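Ready for a few exercises? Try each task with the model open, then read through the worked solution.

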Amino acid sequence: MATRVAQISCGTEYSGIQWILDDIAEQVGIELVYPEMELSQVEAACEEMGLKVESPSLNMMMARAVSMLKDPSIKGVLLLTCFRCAEGTVVKDVVRRFLHERTDIPIITYSNVEKPKEIELYARLEALKTLITRKALLMRERQEGTTLGVDSGSSTTKVVVMKDDEIVGEAWIPTTDPVESADDAIERALETAGMKEQDIEAIGVTGHGRELVGEHVKADLNLEEVSVVAKGAALLTGRHKGEATVIDIGGMNNKLILMRDGIANSFSLGGICGGSSGRFLEVAAHRLDVDISELGQLALKSKERHELQSYCMVFGIQSLVVSLAAGVKREDVAAAACRSVAEQVYETQIQEMEMRPPVIFVGGVSLVEGVKKEFEHLLGTEVVVPPNSQYAGAVGIATLVSGL
Amino acid sequence: MKVLVYPPNSLILADLVERGGHEPVVLMREIGKHVRDAEIDAPPLNVTEEDLKRALRYVSVEEPAGVKGRIGLLVPLLEQAEASIILTDAPPTFGCMGCAVSDEFFKFLIRKRKIPTLEVRYEGGDRMKEMVDRIMAFLAGLPKGE
């Protein structure tokens, strides 16, 4: 049976994207439903939320949100308004906060554009579906037996071998061909663990290349990254109870996940701009003539604040080059590059969610100390980078597959 | 008490608050700080990138720059207010936000603060006295500071 998810929007039909939403929802096994409400309830709903706007459709959107709370068959929420609609964005934000206060069901938001990237919508709806339907599996707090986790990322492939809740082997290599890279990383991880393929009881895969790699390695579990990375972050920090916020910045993608009791319950996906990814830092490191592993340390030496003129991968790097030519110290430029990534993630994602301390930072970029420092400055709170933070996805899936 | 007036640049409301024995919280003071700050040079209002970023604590990044700028300027007023008076349907000459979305949203933010708030409809002509009486009665009911 399809999972019922409430679509709360103000008229996606007019954006010409409703058929795409319906199509993708069907593919991932979600039934999009429009919460019923009487027109006479609109006024009361606006009063309950404390906001009434000019647009009748947006007022009706608030009424649908109130009405949805009375329907126990609804297990998730997709909240949509048009990109750049000022009033719509206000309402979307108010409705999201309202629902967060009153319900625990997962909520995802999206801004309609005429030509949405289907892959973006697919990733969001698929993650929403996992959070709703695989809750029992996601409650696992300990890895058992001997399992292997593959995180086939867009930039790097990470593999861990786990035995009785410990990482005994690992490998982290650049992704070229996803299958070949996975094979190579698995071989290396087994080698560091001193094990053979037949010692592995189960294999789990996650990440961008999970479909291809999963089929190739005959994976026992293939899960999308949001729920897996959240689980990995909970395992690496031992934070299985209470709330937390997970920031995951990888080579080409980033995620912000709100977690309760070790399970993701709301998230925001990046991937719109390369300027907030690890790739930006790789290019910056190259221009500064340091290895990416040394960029963070260099940034920590900065004494004078310097700003890049743009967050953009092209113009930000151009600004970096101009700064160096103008005689700005390398460490100050390195710090500016780290700040640029942290600020963009903050402005485009973190501010959209309610931060729930502690903040756990994972993914390849978490190893760049300068970015961690900038996040701490921006958020005004300590940011925890657990050991093996780059393996959060691999550890998460290796643990989850041991529960099957 | 620090009483936020809305529209936030209403001289008449600010004057009433002072006459009522309280301290008006008004936009002019905030803008004044910016204009007198020799370090900032972004005339005429000197709204800076920091103001826009500060707004992000309350508004979505998707909002147009003008909404962010207005809310960013108003955030300090919101955060120090201990009570508020919201005048609805006031003519632009009485004091004005100038942007309908910022206007709707800022009123929402005030309500969410759950501080003592009087919402009163602007009345002209003969009924203006009635409106002023309501405001003065509200101010008289607020606890006086030391």
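## Exercise 1: the two sides of a helix

Leu21(A), Ile24(A), Ala25(A) and Val28(A) are the buried residues of helix α1 (residues 18-28) of chain A. Bear in mind as you go that this is a predicted model.

**Task.** Work out why the buried residues of α1(A) sit on the same side of the helix, and find what they pack against.

**Solution.**
- Step 1. Begin with the geometry: the buried residues span an arc of only 105° around the axis, so they lie on the same side of α1(A).
- Step 2. A bit of background helps here: an α-helix has 3.6 residues a turn, so residues three or four places apart point the same way.
- Step 3. Now look at the face turned away from the buried side, where you'll find the exposed residues Trp19(A), Asp23(A), Glu26(A) and Gln27(A).
- Step 4. Go back to the buried residues: they pack against β2 (30-33) and α5 (118-133) of chain A.
- Step 5. Finish just past the helix, where Gly29(A) takes a positive phi of about 80°.

## Exercise 2: another helix, and what follows it

**Task.** Which residues of helix α10 (residues 278-287) of chain A are buried, and what covers them? Then say whether Asp289(A) is buried or exposed.

**Solution.**
- Step 1. The buried residues in α10 of chain A are Gly278(A), Phe280(A), Leu281(A), Ala284(A) and Ala285(A).
- Step 2. These residues cover an arc of only 150° around the axis, so they are on the same side of α10(A).
- Step 3. Their cover includes β10 (243-249), α11 (292-300), α12 (315-325) and α13 (330-348) of chain A.
- Step 4. Move on to Asp289(A), which is in the loop between α10 and α11 of chain A. Asp289(A) isn't a glycine, yet its phi is positive, about 60°.
- Step 5. Count the neighbours: Asp289(A) has 9 C-beta neighbours inside 10 Å, and exposed means 12 or fewer. So Asp289(A) counts as exposed.

## Exercise 3: a similar backbone puzzle

**Task.** Where is Asn388(A), and how many C-beta neighbours does Asn388(A) have inside 10 Å?

**Solution.**
- Step 1. Look in the loop between β14 (383-384) and α15 (392-401) of chain A; Asn388(A) is there.
- Step 2. Asn388(A) has a positive phi of about 60°, although it is not a glycine.
- Step 3. There are 18 C-beta neighbours inside 10 Å, so Asn388(A) counts as partly exposed.

## Exercise 4: a strand residue and its contacts

**Task.** Which residues is Arg260(A) in contact with, leaving aside neighbours within four places in sequence?

**Solution.**
- Step 1. Find Arg260(A) in strand β11 (residues 254-260) of chain A.
- Step 2. Check the distance to Gly242(A): the two are 18 residues apart along the chain, and their C-alpha atoms are separated by 5.6 Å.
- Step 3. With close sequence neighbours set aside, the contacts of Arg260(A) are Glu243(A) and Asn265(A).
- Step 4. Arg260(A) has 15 other C-beta atoms within 10 Å, so it is partly exposed.

## Exercise 5: the nonpolar core

**Task.** Which residues touch the most other members of the largest nonpolar core?

**Solution.**
- Step 1. This core has 165 residues, and the ones touching the most other members are Val150(A), Val160(A), Ala230(A), Val246(A), Ile257(A) and Val395(A).
- Step 2. α13(A) gives the most to the core, with 10 residues.
- Step 3. Pick out Ala230(A): not counting residues up to four places away in sequence, it touches Val246(A), Ile257(A), Met259(A), Ile263(A) and Ala264(A).

## Exercise 6: where the chains meet

**Task.** How many residues of chain A are in contact with chain B, and which helix supplies the largest share of them?

**Solution.**
- Step 1. The contact involves 17 residues of chain A and 15 residues of chain B.
- Step 2. On the chain A side, α4 (86-102) and α13 each supply at least two residues.
- Step 3. The largest share, six residues, comes from α4(A).
- Step 4. By type, the chain A side divides into six nonpolar, five polar and six charged residues.

## Exercise 7: a peptide bond in chain B

**Task.** What kind of peptide bond joins Tyr6(B) and Pro7(B)?

**Solution.**
- Step 1. Go to the loop between β1 (2-6) and α1 (11-19) of chain B, which holds Pro7(B).
- Step 2. Read omega for the bond from Tyr6(B) to Pro7(B): it is about 10°, and the bond is cis.

Definitions and conventions:
Residues are numbered from 1 along each chain as its sequence is written. Chains are lettered from A and ligands numbered from 1 in the order in which they are written. This is a predicted model: local features need pLDDT of at least 70, side-chain atom pairs count only at pLDDT 80 or more; totals for chains, interfaces and linings use all residues. A residue is buried if 20 or more other C-beta atoms lie within 10 Å of its own, exposed if 12 or fewer, and partly exposed in between; C-beta atoms are placed from the backbone. Helices (H or I, at least four residues) and strands (E, at least two) are DSSP runs, numbered from the N terminus. The arc is that of the directions from the helix axis to the C-beta atoms. Two residues are in contact if their C-beta atoms, placed from the backbone, lie within 7 Å. Ala, Val, Leu, Ile, Met, Phe, Trp, Tyr, Cys and Pro count as nonpolar, Asp, Glu, Lys and Arg as charged, and the others, Gly among them, as polar. A nonpolar core is a set of buried Ala, Val, Leu, Ile, Met, Phe, Trp, Tyr and Cys residues joined through C-beta atoms within 7 Å.
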